[in-house]
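Okay, thanks for coming, everyone. I'll take a few minutes on cysteines and backbone angles, so have a look at the screen first.

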Amino acid sequence: MKFYFLSLCIMLAVSFAAKAQSKLIFKDKFMYTDVQVFNETKRHSIPSLIDTGCSLCIIDSIFAIDSCGIKEDELQTIPVNQTKDKISSAFIDSIFFCGKTYHKVYCLVADLTGHYQKYAPKFIVGANILRSGAWKFDMEKNIVEPYDSNNKAKGIIYKWKNHEDYPDVAIDYIILDSKVYGKKTRFAFDTGCRNNKLQRGLYVGKPEQIQKETANIVNKLSIKTAELCRNVTFKIGKDEYTLDFIIGDGNIGLLNIEFLQGHSFILNYKKQILELLAL
């Protein structure tokens, strides 16, 4: 009987650990994982984009109304992107992500399919879920899982700042102080960004003129002319990195998942630490 009880406990522990992990899928420089969306009596398991650049989760409007039972006449509107642009919003009954259920999740409701077209996810995991703790992104096993925020750090540590330190940046942005060619600047670590972006005036040399796809939550996918800067070297802490950048007109630069060059890493929202683990 004791042996049976011990075996059952081990099986339950293994089962719980498996459910607390979610498989990572990489496509077009984006990270996706399966998320379960519950609303009213409806449940859907869908590939969802993990976006550290979004303060709130976002659900596709067609999916929300046609599949999840969100009532269009009950949607509220709020301003986004620190502009006068407004977008719909709603509460989702619950979201199941990495072994935990989050209840009454406030989400933006946007026409992701119409705006992002072939790149559009049905759901985006934003900071209102991610900031609940710490997360380990294992690039060897391609999984994301909850992480004990009290664990002693063993890798390369970057302490990040946010809206409380820099009121001119979006809430919940992960801001890394940096230097580009010796000039102080700031980057947001944004896994929902397809291209790395550099503030205008920092590049030494003449950028290339290219045609690139561009879209955001209020502007549909289109082809526009952009300026490409190749092999830009920048420093975060004592470490140097070299990446290609698109020149942007924002007050900060953007670093996507390419910045980590395949490193496993830990996002510790409790301590505001990005920890890079050994390859």
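**Cysteines first, then two odd backbone angles**

So, disulfides: this structure has 0 of them. Take Cys 57, which isn't in a disulfide; its nearest cysteine sulfur belongs to Cys 107 and sits 4.9 Å away. Why does that pair not count? Because a disulfide needs the two sulfur atoms within 2.5 Å, and here the distance is 4.9 Å. And is Cys 57 buried or exposed? Buried, because its relative accessibility is 0%.

Next, Cys 68. Again no disulfide, and again the nearest cysteine sulfur is that of Cys 107, this time at 9.6 Å. Cys 68 has a relative accessibility of 1%, so it goes down as buried too.

I should say that what you're looking at is a predicted model, so please keep that in mind for all of these values.

Okay, on to the backbone. As a reminder, most residues other than glycine have a negative phi. Which residues go the other way here? One of them is Asn 231: not a glycine, yet its phi is positive, at about 55°. Where is Asn 231? In strand E17, which covers residues 222–236. As for the surface, Asn 231 comes out at 55% relative accessibility, so we call it exposed.

Then there's Gln 272, also not a glycine, with a positive phi of about 55°. Gln 272 is in a loop, the one that links strand E20 (265–268) to strand E21 (273–276).

To recap the cysteine part: 0 disulfides, with Cys 57 buried and Cys 68 buried. That's me done; over to you.

Note on methods: Residues are numbered from 1 along each chain as its sequence is written. This is a predicted model: local features need pLDDT of at least 70, side-chain atom pairs count only at pLDDT 80 or more; totals for chains, interfaces and linings use all residues. Side-chain values use heavy atoms; hydrogens and water are left out. Buried means under 20% relative accessible area, exposed over 50%, partly exposed in between (1.4 Å probe, protein chains only). Helices (H or I, at least four residues) and strands (E, at least two) are DSSP runs, numbered from the N terminus.
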